[in-house]
Structures are given as C-alpha cells and as structure tokens.
Amino acid sequence: MLENIRIVLVETSHSGNIGSAARAMKTMGLSQLYLVAPKQAVDEQAIALAAGADDVVKNAVIVPTFDQAVANCEFVIGTSARLRHLQNTLLEPRACAEKAVVFAKHHKVAIVFGRERIGLTNEELLKCRYHLTIPANPDYSSLNLAMAVQLICYELRMAWLEENKQDVDLSLSSIESTYPTAQELEYFFAHTERLYQQLGFIQNQGVMQKLRRLYLRAEVEKNELNILRGMLSAVEKSGNFNRE
C-alpha cells in the first residue's frame, strides 16, 4: 500500500528540505518522492540532511509541472493552511491517512506539499480531490516543510499498521471501482469548460472552479466520467460545435 503513496514537493526553495523530507519519509516506510521544479538541484546538503535516506533522494522523480507529478494518480490530496473555501473536501491528518491507505490498496495516491513560503496556488488546490490541513496552534501554527511531511508520514504509517491488523479486506464499492487519473479528470474539465463557453453558460472563471469542486467532491468513477464525456460529445454533435 505504501508503495502506491507518493509525496510530492512543489518548487522547494532549499535543497536541505528535500533531504529532510526524504528522511521523514523513510523512517515511516515511504519511498516515492516526486519533486516539481525544485529551485535548487539535489546537492550535498540534500544528501547530508537525508541522513541515510539518500536512496529516496537519489531516486526522486523530478518533473517540471504539478500536472505531471500527479497525472497517473487517482487520488490527489493537497496540503494548505488556507482552506476556508474548500470545507467540503477538508481532511485532518489522521482521517487523511486512513483514507489514503485504503485507497492505496488499489489506486495511486499523491499527497502534495506546496512551496515553503506560499504553499499551493488556488489553481493547484482546485486540482486536488481532497485537501489536508494540520490543526496546529492558531497562535503559532508555523511548521517547516520537513515537520509537516514527518507528521503526515507518521499518520500514514499508523494507518497502514492498523490496516494490516485486519484479517478481512474492506469491501467498499468505492474502493473496488476504478477511478479516473488526475490527467483524465483534467481532460474532462477542459472539455466541459470548452463546451460550456461555446454554449454561453460559462462567462467567468468562478463557475468552472465551482464545477471542479462539485465533481471532485462527488468522487466520480471512471465509467461515470466516460458517461459525462459522452454527454458532452453528444451535445457538441447535436449543436454542430467544432471540437478543438
């Protein structure tokens, strides 16, 4: 299960944070590290702060964009401290870990950490199915990147250990079903936006953001997504729209 969970760091400013995050991961049994356009390359400081987890650092997958880091993941969880507008998809660390471990039995899961200073952008958060926040002291909620990764990886390990104690596998229909990848969802959202703009339904970006949240909250399965895309194509065909 843990092999299906990847930790994604977006545009890290300091190479040492990469090493420290890798150390946090390895101590809890995670090894899949993805780096999105790191500001500094993996260097001696990253290896030194990995403190024995240099294999995680050296095997990290480096990609230029957020989309590429999560493209083949069915469940993407974004971390942020500013989530008032995303309450319906909000998870705290323990609940997040329990859900991620169950999903990881059959699906790939990405837990995404944003930039040290500004976190994830609103656009990136809208591409996440769930949103994770750490309920720290409101008077002093400062956590550095490696601390946040360590906390979440600890909860993932505890959830994994608990799951392994169970003799009977969970038989949840939502887990047995096949879910679309992040890339497939992006194709659908692009298709939806293009058609709705042609119909004159979408006239500002706010509508599409709300539709994104609606579909992500619904946990649409792959066969359901195919039906939705078929509906969009049928509308295009009946209205003689030109597909791009």
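**View 1. Left-handed crossing of helices α9 and α11 in a predicted model.** The crossing of α9 with α11 is left-handed (the near helix is turned anticlockwise from the far one by less than a right angle). Helix α9 covers residues 182-199 and helix α11 residues 222-238; their axes, lines fitted to C-alpha atoms over the stretch in contact, come within 10 Å and cross at roughly 25°. α9 is therefore roughly parallel to α11 (angle under 35 degrees between N-to-C directions). Residues of α9 in contact (heavy atoms within 4.5 Å) with α11 include Phe188, Leu195 and Leu199; Leu225, Leu228 and Leu232 are among their counterparts in α11. The contact has 10 nonpolar, four polar and five charged residues.

**View 2. Right-handed crossing of helices α5 and α7.** The axes of α5 (residues 93-103) and α7 (residues 145-165) come within 8 Å and cross at roughly 55°. α5 is therefore oblique to α7 (neither under 35, over 145, nor 65 to 115 degrees). The crossing is right-handed, that is, clockwise. Ala97 and Val101 are among the contact residues of α5, and Leu156 and Trp160 among those of α7.

**View 3. Interface of domain 1 (5-167) and domain 2 (175-239)****.** The bounds come from an automatic or database domain assignment. The domain centres, taken over C-alpha atoms, are 27 Å apart. In the interface, 20 residues of domain 1 contact 17 of domain 2. The buried area (accessible area lost on being put together, 1.4 Å probe, summed over both parts) is about 1,600 Å²; carbon and sulfur atoms give 64% of this area.

Residues are numbered from 1 along each chain as its sequence is written. In this predicted model, local features need pLDDT of at least 70, side-chain atom pairs count only at pLDDT 80 or more, totals for chains, interfaces and linings use all residues, and side-chain values use heavy atoms, leaving out hydrogens and water.

Methods:
Axes fitted to C-alpha atoms, helices over the stretch in contact; angles between N-to-C directions. Helix = DSSP H or I, 4+ residues; strand = E, 2+ residues; numbered from the N terminus. Nonpolar A, V, L, I, M, F, W, Y, C, P; charged D, E, K, R; others polar. Buried area = accessible area lost by both parts, 1.4 Å probe.
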